[in-house]
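Me: I've got a model open and would like a close look at one part of it. Could you walk me through that part and what surrounds it?

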Amino acid sequence: MSLLDIYLLGAPILRQETTPVDAITDELRGLIDDMFETMYAAKGIGLAAPQVGRSERLTVIDVDDRQLVLVNPEIALREGMARAEEGCLSIPDIYGDVDRATRVVVRALDREGQPFELDTATVPGSREAQELLARCIQHETDHLDGKLFIDYLSLVKQQAAQRKWKKLRKGDRSLTRSVVPAAVSQHHHRDEEL
Ligand code: ZN
């Protein structure tokens with residue numbers, strides 16, 4: 001397994017539509033393993049293929065120590081609404097409040113290519129964990145449609161986020177960042193980074 005570079009805000013691939021996966025190959029399973037390793041090292045709870053420079057419609061998630069692989073996910077139902085702070089591994093240190101459905105039903109293929117349906121309201125765990133999972137699934141499927149959480153902010157907040165981002169980047173124009181292995185990472189833990 002290896003750590004992948006994470007693509008940052010400004011990288012064109014984050015704005016492109018992904019392509020549905022038509023066969024789960026060994027190469028793709030390797031990508032899934034690498035995405036999990038990269039996500040854990042970056043202290044995230046979700047990571048979508050475009051964030052590692054790939055165009056497949058595929059994302060990995062881990063909320064409450066439950067690994068979830070979603071290949072070709074489609075959200076079949078959204079219910080309820082709550083506002084909470086979100087961040088993104090592709091826009092580190094930028095946060096914003098986003099309204100999301102509190103429950104989703106998602107249809108996808110698993111890492112073996114088997115179709116399944118997941119209703120976040122039936123996943124064992126606290127209501128908070130179920131709602132965080134629903135939020136994470138929405139955030140990650142958005143990535144697969146070229147959408148980022150900052151798109152939901154008001155124009156004023158989007159502009160403030162862009163200014164803060166420019167300031168944080170200090171003129172650094174690179175479109176990727178590398179992550180350090182989890183064991184030696186000193187990065188402050190933020191559960192909201194997806
Ligand atoms: Zn994200």
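The spot I keep coming back to is Asn72, which is found in strand β4. What sign does the phi of Asn72 have, and is Asn72 buried or exposed? And which sheet does β4 belong to, in what strand order?

Reply: Sure. Keep in mind that this is a predicted model, so every number below is computed from it.

Asn72 has a positive phi of about 55°, although it's not a glycine. That's worth a second look, because most residues other than glycine have a negative phi. Asn72 counts as buried because its relative accessible area is 18%, and the cut-off for buried is under 20%.

Now the sheet. β4 covers residues 66–79 and sits in an open sheet of 5 strands, ordered β2-β3-β4-β7-β8, with antiparallel pairing. So β4 has β3 on one side and β7 on the other in that order. The edges are β2 (46–48) and β8 (115–119), each of which pairs on one side only. On average, neighbouring strands here are turned by 40° against each other, ignoring direction.

At the β8 end, β7 (residues 103–109) pairs with β8 in the antiparallel sense, over 5 bridges. If you want to check the register, Ala108 stands opposite Phe116, and Leu109 has Pro115 as its bridge partner. The β7–β8 hairpin has 5 residues between its strands, and in it Gly113 takes a positive phi near 85°.

Two helices lie across this sheet. α1 (residues 26–41) crosses β2, β3 and β4, running at about 40° to β3. α2 (residues 127–144) lies across β2, β3, β4, β7 and β8, and runs at about 160° to β3. So the strand that holds Asn72, β4, is among those crossed by α1 and by α2.

Take α1 to begin with. Its end C-alpha atoms are 23 Å apart, which agrees with the 22 Å that its 16 residues should span at 1.5 Å a residue. Its buried residues are Leu28, Leu31, Ile32, Asp34, Met35, Phe36, Thr38, Met39 and Ala41. For reading that list, residues three or four places apart point the same way, because an α-helix has 3.6 residues a turn. The buried residues of α1 pack against β1 (6–7), β2, β3 and β4.

After α1 comes another non-glycine residue with a positive phi: Lys43, near 60°. Lys43 is in the loop between α1 and β2. With a relative accessible area of 22%, Lys43 is partly exposed, whereas Asn72 is buried.

α2 has 18 residues and reaches 26 Å from its first C-alpha to its last, close to the expected 26 Å. This helix is mostly covered, with 14 of its 18 residues buried. It is followed by Gly146, whose phi is positive, near 75°.

α2 also brings in a polar cluster. Arg100, in strand β6 (residues 96–100), is buried at 3% relative accessible area. Its side chain makes a polar contact of 2.9 Å with the side chain of Asp142, and another, of 2.8 Å, joins it to the side chain of Glu86. Not counting residues up to four places away in sequence, Arg100 touches Gly80, Met81, Ala82, Glu86, Arg135, Gln138, His139, Asp142, Phe149 and Tyr152.

Just before β6, in the loop between β5 (82–86) and β6, you'll find Tyr95. Tyr95 is partly exposed, at 22% relative accessible area. Compare its position with Val106: the two are 11 residues apart in sequence, yet 25 Å apart in space, C-alpha to C-alpha.

Last, in case you're setting up bonds: there are 0 disulfides. Cys136 has Cys88 as its closest cysteine by sulfur position, but the 10 Å between the sulfurs is too far for a bond, as a disulfide needs them within 2.5 Å. Both cysteines are buried, Cys88 at 1% relative accessibility and Cys136 at 0%.

Back to your starting point, then: Asn72 pairs a positive phi of about 55° with a buried position, in a strand of the 5-strand antiparallel sheet.

Conventions. Residues numbered from 1 in each chain as written. Predicted model: local features only at pLDDT ≥ 70, side-chain atom pairs only at ≥ 80, totals over all residues. Heavy atoms only, no water. Buried < 20%, exposed > 50% of the residue type's maximum accessible area, 1.4 Å probe, protein only. Pairing = 2+ DSSP bridges. Helix = DSSP H or I, 4+ residues; strand = E, 2+ residues; numbered from the N terminus. Axes fitted to C-alpha atoms, helices over the stretch in contact; angles between N-to-C directions. Contact = heavy atoms within 4.5 Å. Polar contact = N/O pair within 3.5 Å; in protein donor to acceptor, adjacent residues only side chain to side chain. Expected span 1.5 Å × (residues − 1).
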